Each structure stands twice: as C-alpha cells, then as structure tokens.
Amino acid sequence: MPKHDVIVIGGGPGGYVAALRAAQLGFNVGCVELEAALGGTCVRVGCIPSKALLESSERYHEAQTEMERHGVLVKNVKLDLERMLSRKDEVVKANSDGVAFLFKKNKIKRYRGRGEITGPGRVVVHGEDGREELEGKHLVIATGSQVSTLPGVELDGDRVGSSAEALAYRKPPNHLVVIGAGYIGLELGAVWRRLGSKVTVLEYFDRILPGMDAELARDALKTFKKQGIEFRLGLRVTGVRVTGVRVTGVRVTGTKAQGNGAMVEIEGGEEIEADRVLVAVGRKPNTEGLGLDSVGVELDERGRVKVDGRFATNVDGIYAIGDVIAGPMLAHKAEEEGVALAEMLAGEAGHVNYEVIPGIVYTEPEIATVGKSEEQLKEQKIAYKKGVFPYLANGRARALGATDGKVKILAHAQTDRILGVHIIGARAGDLISEAVVAMNFSASSEDLARTVHAHPTLSEVVREAALAVEGRALHM
C-alpha cells in the first residue's frame with residue numbers, strides 16, 4: 001500500500017497548488033485526479049479556455065471594426081472557427097502539461113481515478129484498471145465544483161448545455177440564449193456575440209452581475225447593450241426540456257412547451273426561439289462519491305464541507321479547500337487556501353485574507369472588484385468617501401483607443417483606509433492587483449495617491465481615483 005504524508009484529492013487550482021507547496025515543504029505527496037489532464041475545471045473547461053476564446057474573439061472583432069482607426073486596413077476578414085478552437089485547445093494543453101511537469105519536478109505521485117475516503121488516513125482510488133488503496137497522514141479534499149442547474153432544467157450536452165459545451169460550438173449559433181447574467185454567462189455570451197451570434201441573456205434578478213458594485217453593473221449593462229447583447233432582467237425560467245428525435249433548434253418559450261426542440265419555460269408566457277441555450281446559473285460543491293458520509297465529515301446546508309480556520313473538518317486528519325468549502329468559487333481563492341493549508345501542516349503560519357480576494361469579469365471592457373461595494377457599506381452603516389476617475393481623461397487610454405470605463409475607490413470617512421476598489425475598463429483585471437496589495441497592507445487612499453505611477457500608463461487612472469477621494473484629481 002503506497003504511503004504519503006499528504007494525499008490531495010483533486011488536481012485543480014486548489015489541489016495541485018496544495019500538492020506543490022506541500023512538496024516544497026518536504027512532504028511526501030500523492031494527488032488523486034479523475035481526469036487524464038491535470039488542472040481541474042479551471043484549466044480544462046473553465047478559466048483558461050474561456051480566456052483563450054475571449055482573446056481570439058476580441059482580435060477578430062478588432063480586425064472587423066477597430067483596426068482602420070489605427071491606419072491598418074484589413075479587408076475580407078474571415079472567421080476560421082476551427083483554428084480558433086484549436087488554438088484554445090493548445091493553450092489548455094500547455095497549461096495542463098505544465099502542471100504535470102511541476103508534479104514530476106517536485107516528485108509528486110499522481111494517481112488517475114476517483115478518490116474515496118474509506119477511513120482515517122485511507123483513500124481508495126477507483127481507476128480504469130481497478131482499485132488501489134493509499135495511506136496518508138493528512139487527507140485534503142480539493143474536488144472543486146460542478147455546474148448548477150435550475151429546477152426543471154436538464155442539460156443534454158448539446159442544444160442545452162453548460163460552459164463546457166459553449167466553449168466548443170463547431171459554428172456560431174444563429175441565436176444563443178444565456179440563462180444567467182453572472183461572470184460565466186457574460187463572458188461566453190460576449191465571445192459568441194463577437195463571432196456573429198445573436199445573444200439574449202435571461203436573468204432572474206433585475207440587474208446583471210448580482211453581488212457586484214451596482215454602479216459598475218449599470219455601466220457594464222449599458223456597454224454590453226451597445227455591443228448588441230440583449231438582456232431580459234427580472235425573469236424566472238421555470239423549465240427546459242428537449243422533445244423530438246431530431247432537434248434542429250431550441251425554442252425558448254412560455255409556460256407551456258409546444259413542438260419539437262428544447263423548450264425553456266418562462267413565467268409570463270413569452271416566447272423566444274434560439275439554436276442553443278447556455279445554462280450559467282452558478283456552481284455547486286463537488287462532494288458526491290467521496291465517502292464523506294461513511295467517515296462522518298459534516299456538510300453545511302449548501303452541501304459544502306464544514307471547516308475551521310485551519311481548513312480542518314470535524315474528522316481528524318481530513319481537510320478541505322477551494323470550491324467545496326464556503327467562500328467565493330474562484331481559482332485564486334482555492335490556490336491561496338492550498339498554500340496556506342500546506343504551510344499550516346508544516347507548522348508555519350499560513351493565512352488567507354478573505355477581505356481582499358478580487359473578482360474579475362473578462363469581458364470587453366473588463367470589470368474588476370475587490371473589497372466592499374457601496375451597497376455593502378451603506379447596509380453596514382460604514383461612513384465612506386468616494387473617488388472616481390474616468391479612463392477618458394487618461395493619456396494612455398486615449399492612445400490605446402480604450403477610453404470607456406472608470407476607477408472607483410471607496411475609503412473610510414475617518415481613517416481613509418481603502419475599503420473597496422471597483423474598475424470597469426481596459427485591463428481592469430491587471431489594474432486591480434495594485435488595489436489588492438494596497439488593501440492587504442491596510443493602505444489609505446492618501447498612500448495610493450502619493451505613490452509615483454509611471455506615465456503614460458493606465459495605472460494612473462487608479463492614482464487619480466485615489467486623489468479624487470479628497471477632491472484633488474489632477475486631470476479632471
């Protein structure tokens with residue numbers, strides 16, 4: 001029976017990073033992963049492939065509509081979707097192969113199969129060639145999450161699918177209906193809109209990006225509408241079903257489904273016809289088949305593994321990180337938890353600052369946020385000051401031709417400590433990192449305002465927003 005100091009179940013961002021850090025710290029590490037490729041949902045069918053398609057589709061869109069402004073004349077632009085998808089697959093493979101290389105470099109033993117905890121320190125790997133039992137002092141559950149659906153909505157893996165299917169359509173749908181106006185729905189809706197599809201987004205709430213700063217969400221909605229994406233907000237989908245043997249299209253319809261195809265039922269009886277339906281209503285923890293019931297690991301009311309401040313479950317020697325525990329289901333959150341747990345197991349002071357975990361929507365323009373929103377500050381009755389600065393007043397943004405957007409900084413009214421930063425605009429996903437670092441060290445808006453920023457750069461928009469907190473922005 002193979003023995004390890006640490007056995008990680010799951011090879012996604014949380015799991016493989018936990019395994020790598022544990023190996024760096026001198027542990028003998030084994031990692032159990034069901035899929036052939038390492039990297040988890042993020043690398044295989046999530047973060048990485050979606051960003052590859054977002055980048056490629058934006059290049060295509062720019063060649064069609066933007067390059068002439070730069071004096072570059074491009075005629076007869078054509079879409080080679082097969083090549084675009086092939087590039088996406090190449091990017092995915094490079095990332096997955098990179099994880100495999102790091103495992104080899106750090107002498108991490110990889111086991112292919114489904115991991116099941118059968119007792120204290122015991123994991124059975126159910127693989128294609130049978131079962132293998134492992135023994136480990138510390139067991140780490142890092143199995144991530146899976147796609148959620150709505151009551152009455154069944155994914156058929158074809159006409160009605162999740163993000164995995166939407167990353168691999170062999171041709172742009174004539175009409176794509178997206179259920180859910182969160183990160184995933186908006187990103188993939190943007191991809192196919194750029195590639196020529198009509199895109200309609202259906203959302204239960206009366207706004208897009210629920211939970212994000214409302215002002216940025218309103219700005220984003222206006223921008224996406226200008227890009228041609230249609231939105232139906234405050235609408236409840238009550239069911240989807242596929243009927244008939246030959247499905248040539250999808251019908252998004254009212255409360256009573258009629259005819260052949262996939263029927264999305266909506267309160268109010270409205271009817272929309274479409275080729276494809278993308279269900280993007282969130283994710284749920286992936287805890288089934290792990291044997292948690294048999295060993296007594298407790299779950300919360302949402303099916304997440306209960307852990308304490310050191311990621312320990314109620315069963316000695318069993319820990320959990322990432323999407324299977326409470327908190328935002330983000331790859332970088334899982335990675336930090338993996339690092340912190342490995343360091344704790346080694347007797348070091350691992351730590352995750354949950355107050356400064358950024359969230360990013362990789363649309364065009366990008367949307368990035370960290371810390372408190374204005375709505376949260378008002379609800380918590382925290383007095384704050386606000387500084388806002390537009391991209392339009394930034395020289396680098398003008399040079400890029402990317403003047404849509406702004407940076408908003410929220411600071412405590414008395415202490416000036418930065419409480420939240422919200423950005424919509426070009427490269428917001430990169431700019432937010434400065435805010436994360438500042439907030440991690442409890443910086444004030446004054447600290448940020450008096451930090452020299454290179455000129456001309458987009459980062460100056462962040463500095464100007466910090467100056468605007470005290471009403472002294474220089475270029476506005």
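Which residue in β6 does H4 stand opposite? The residue is G136. With that small detail as a starting point, let us take a walk through this predicted model.

## Strand β6 and its neighbours

H4 and G136 are a good way into a wider arrangement of strands. Strand β1, which covers residues 3-9, runs parallel to strand β6, which covers residues 130-141. Six bridges join β1 and β6.

Strand β6 also pairs with strand β5, residues 122-127, and here the sense is antiparallel, again over six bridges. R122 is one place to look for this pairing, since its bridge partner in β6 is E135. Between β5 and β6 there are two residues, and the two strands form a hairpin. Further along the chain, strand β18 (residues 318-320) runs parallel to β6, and three bridges join them. To find this contact, look for L139, whose bridge partner in β18 is I318. As you follow any of these strands, it may help to know that side chains in a regular strand alternate between the two faces of the sheet.

## The second largest pocket

Next comes an open space. The second largest pocket holds about 1200 Å³. Its lining is made up of 34 residues, and the closest to the pocket centre are E58, E62, E364, P365 and A402. Four helices, α3 (47-65), α6 (183-194), α7 (214-226) and α12 (428-440), are the elements that each give two or more residues to this lining.

Which element gives the largest share of the lining of the second largest pocket? That is α3, with eight residues. Sorted by class, the lining has 15 charged residues, 10 polar ones and nine nonpolar ones.

## Aromatic pairs and a charge over a ring

Aromatic side chains offer another set of landmarks. A pair of aromatic rings is described by the distance of the centres and the angle of the planes. The structure has three aromatic pairs by the rule used here. In one of them, the ring centres of Y169 and W192 are 5.2 Å apart and the planes meet at 45°, so this pair is tilted. Y169 sits in the loop between α5 (163-166) and β9 (175-179), while W192 belongs to helix α6, so the pair ties together parts that are 23 residues apart in sequence. Both Y169 and W192 are buried.

The pair of Y204 and F205 has another geometry: the centres are 5.4 Å apart and the planes lie at 80°, so this pair is edge-to-face. Are Y204's surroundings such that it counts as buried or exposed? Y204 counts as exposed because its relative accessibility is 52%, and the cut-off for exposed is over 50%. F205, at 44% relative accessibility, counts as partly exposed. Elsewhere, the charged end of K109 sits over the ring of Y111, at 5.6 Å from the ring centre.

## An enclosed cavity

The last stop is a closed space. How many cavities of 30 Å³ or more does a search of the whole structure find? The search finds one. The largest cavity contains about 60 Å³ of space.

Its lining includes V147, S162, S163 and I184. The residues L278, V279, A280, V281, G282 and R283 also line this cavity. By class, six of the lining residues are nonpolar, three are polar and one is charged.

Methods:
Residues are numbered from 1 along each chain as its sequence is written. This is a predicted model: local features need pLDDT of at least 70, side-chain atom pairs count only at pLDDT 80 or more; totals for chains, interfaces and linings use all residues. Side-chain values use heavy atoms; hydrogens and water are left out. Two strands pair if DSSP finds at least two bridges between them. On a 1 Å grid over the protein atoms alone, a cavity is a set of points where a 1.4 Å probe fits but cannot get out, and a pocket is an open set with protein on both sides within 12 Å along at least five of seven lines; lining residues have an atom within 4 Å of a point. Grid points are joined across faces, edges and corners, and a volume is the space filled by probe spheres set on the points. Ala, Val, Leu, Ile, Met, Phe, Trp, Tyr, Cys and Pro count as nonpolar, Asp, Glu, Lys and Arg as charged, and the others, Gly among them, as polar. Rings of Phe, Tyr and Trp (its six-membered ring) pair if their centres lie within 6.5 Å; planes under 30 degrees apart count as stacked, over 60 as edge-to-face and the rest as tilted. Buried means under 20% relative accessible area, exposed over 50%, partly exposed in between (1.4 Å probe, protein chains only). A charge sits over a ring if NZ of Lys or CZ of Arg is within 6 Å of the ring centre and within 35 degrees of the ring normal.
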